[in-house]
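Colleague: Please take one part of this model and go through it closely, strand by strand. I would like to follow how the pieces connect.

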Amino acid sequence: PTDPECEVDCTVTPTDPECAVDCTVTPTDPECDIDTFSDAVALLNMYANRVGMLEEGEQEGSNVSFLTNLVYTGLTREDFTEYDERIPWDNDGMFFEMSFVVVEHKSIFEQYEDECMEVQEDNYCTILTENESHKLKFSIDGNKLYIEDIRYQIYSDFNGDIIWIHAGLIELNLVDDKVVIKYVRDVSEGHEGNMISRYYYDEIVEDNYVLSMAIEDSNYYYQYVSLVDSELRLITNSEEGLALNYTNPETKISYNINFDTEKNVDRFNIVWGENDLLRYKENVNEKQIVIWWNLLETNGWDTVDINDSQDIVMYKDGQLVLADYDLFGSYEGRQYLIAKKIFENTPINELIFTLQTEGLSFTGVSYSDFVAEIDEIKNNSISFFETIDFTGTETEIIQELDGMVPFRVDGNIVTIIVEELTESIQ
């Protein structure tokens, strides 16, 4: 065996034990560059710190304050300087709604770091507990971190033992120095052969957009929010019909429309402007209308009194105005003055709309623009589906949503867990 002719040729038999790389001798060999559980924890810490710093910066920029036990009397329109100067509210804070995902996975990986220390990437680390058990797996590619966290347990209710599985897969990445989070969760619950399943997907790109969706059987939910121009697209369905939300980034008008099962408009809301210039709500079938006017966009009143319950009283020439309206407002923090009224079987003519019937002049939205928006919803509602790119049947929409999800947890491992849990119950 010591004859030179008996030496192993690793180019011919690379799997021979003598061909294995000894990383203690050649640690720079490419085969020795294997990511460990601790590497995943370190990357999670980096992302948690990154998101934490962003969140802290957002909080420092907040100008929100709360009402104190004060009563303001004799306020004029000129006193509401904060309303004129404040920056319109935006959706930047939505990015931080996903920060808990990073922090949660960081906590889980730190909790089980000792138990999973020897586990290398693309291999499961299984943690069994009396309550919620885990199967953890990770993969690292530069700054990109994939984490698979399958949580499962058995709990009991009046129907007996119930299997619950939460199969999550998250991708964290830095693209052009912006945090990108993609997170899918498949949730199954019930008994073997009778499992109810649903899944959720969120995708967030720092300073760009937030996308969220959920699908269960034939029901779905989809929302897209631009962090650049506040555009919002939302569509969801139920047994009662469809619901659609859309914010036009150019006009800053927001729409919320509910359709019946035949896609006829049942009820709708419209909000004009980032400063809520006007809100309009109509129940088409019940012929009920509710309007909220922004009184800081209304001329003709002299003074207003505001108490700490946000109730207000408004005066013109020393006399009460809008006595038949619900009035509320705030002088502390975010300043606003609102008048609300409900109309039953009452057409909204120009005098009512502009508040001329009350001796005032609402100027926030023109009557012609108001009428045009109402007509568009009632007579051309299909255009809103085209705007948010969902014009197909429910089945086609669900297929389209499925195609947006970039990855899912391997269904085979979930099946194996269900079988194992079923055996433990029996």
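Modeller: A turn is a convenient place to start. In the hairpin formed by β11 and β12, K252 has a positive phi near 60°, and five residues lie between the two strands. This is a predicted model, and the description that follows should be read as such.

On one side of that turn is strand β11, residues 241-247; on the other is strand β12, residues 253-259. The two run antiparallel and are joined by five bridges. One pairing can be named: T247 of β11 has S254 in β12 as its bridge partner.

β11 also pairs with strand β10, which covers residues 232-238. Here too the sense is antiparallel, with seven bridges between the strands. β10 and β11 make a hairpin as well, with two residues between them. A pairing to look for in the display is R233, whose bridge partner in β11 is Y246.

β11 therefore has bridges to β10 and to β12, and its burial can be considered next. Buried here means under 20% relative accessible area. Six of the seven residues of β11 meet that cut-off, so the strand is largely enclosed by the rest of the structure. As background, side chains in a regular strand alternate between the two faces of the sheet.

To retrace the path: the hairpin of β10 and β11 has two residues between its strands, and the hairpin of β11 and β12 has five, with K252 at positive phi.

Terms used
Residues numbered from 1 in each chain as written. Predicted model: local features only at pLDDT ≥ 70, side-chain atom pairs only at ≥ 80, totals over all residues. Heavy atoms only, no water. Buried < 20%, exposed > 50% of the residue type's maximum accessible area, 1.4 Å probe, protein only. Helix = DSSP H or I, 4+ residues; strand = E, 2+ residues; numbered from the N terminus. Pairing = 2+ DSSP bridges.
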